[in-house]
Amino acid sequence: FHGGSYDDALRDTVSLAKDAEGLCHFYRRTLYRNQRFVDTEQARKCVLPCTPLAVVKILEHLGAYNDQHPMGDRMSGKVVT
């Protein structure tokens, strides 16, 4: 039991309240879905990892990341090199 799966298991054991870097599965999923709040009342912000969020912001600025497309299809027809 070692490698990537072990790393994932360890990351996902950290409580959301203590995950200061936003690397657990829940926060990675919220980043993918561009969900900025943990709750529906929008009182608790998500912790988003800095580097992936920066990449999304750059892609949005360049017009390569279209938030009008459904999740998982926001770079449809784009080539990233």
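A disulfide, for what follows, is a pair of cysteine sulfur atoms within 2.5 Å. Hello everyone, and do keep in mind that what we have on screen is a predicted model.

Let's start with the cysteines. How many disulfides does the count come to? Zero, by that rule. Look at Cys24: its sulfur sits 9.5 Å from the closest cysteine sulfur, the one in Cys46, and that is too far for a bond. Turn to Cys46 and you get the matching picture, since Cys46 is in no disulfide and its nearest cysteine sulfur, in Cys24, is 9.5 Å away. Are these two cysteines buried or exposed? Cys24 is buried, at a relative accessible area of 4%, and Cys46 is buried too, at 11%. The cut-off behind that word is under 20% relative accessible area.

Now for the aromatics. When we talk about a pair of rings, we describe it by the distance of the centres and the angle of the planes. The count here comes to one aromatic pair. The partners are Phe26 and Tyr27: their ring centres are 5.4 Å apart and their planes meet at 70 degrees, so we call the pair edge-to-face. The angle that earns that label is anything over 60 degrees. If you are wondering about the surroundings, both Phe26 and Tyr27 are buried.

Next, please follow me along the backbone into the loop between α2, which covers residues 25–32, and α3; Asn34 lies there. As a reminder, most residues other than glycine have a negative phi. Asn34 has a positive one, near 60 degrees, and it is not a glycine. In terms of accessibility, Asn34 counts as partly exposed, at 25%.

Which other residue should we look at in that loop? Gln42 is also placed between α2 and α3. Gln42 is not a glycine either, yet its phi is positive, at about 55 degrees. Gln42 is exposed, with a relative accessible area of 53%.

Past the loop we come to helix α3, which runs over residues 50–62 and has 13 residues. How far does α3 reach from its first C-alpha to its last? The answer is 18 Å, close to the 18 Å expected at 1.5 Å a residue. While you have the helix in view, remember that an α-helix has 3.6 residues a turn, so residues three or four places apart point the same way. Just after α3 comes Gly63, with a positive phi of about 80 degrees.

That's my tour, thanks for listening!

Definitions and conventions:
Residues numbered from 1 in each chain as written. Predicted model: local features only at pLDDT ≥ 70, side-chain atom pairs only at ≥ 80, totals over all residues. Heavy atoms only, no water. Helix = DSSP H or I, 4+ residues; strand = E, 2+ residues; numbered from the N terminus. Expected span 1.5 Å × (residues − 1). Phe/Tyr/Trp six-rings, centres within 6.5 Å; stacked < 30°, edge-to-face > 60°. Buried < 20%, exposed > 50% of the residue type's maximum accessible area, 1.4 Å probe, protein only.
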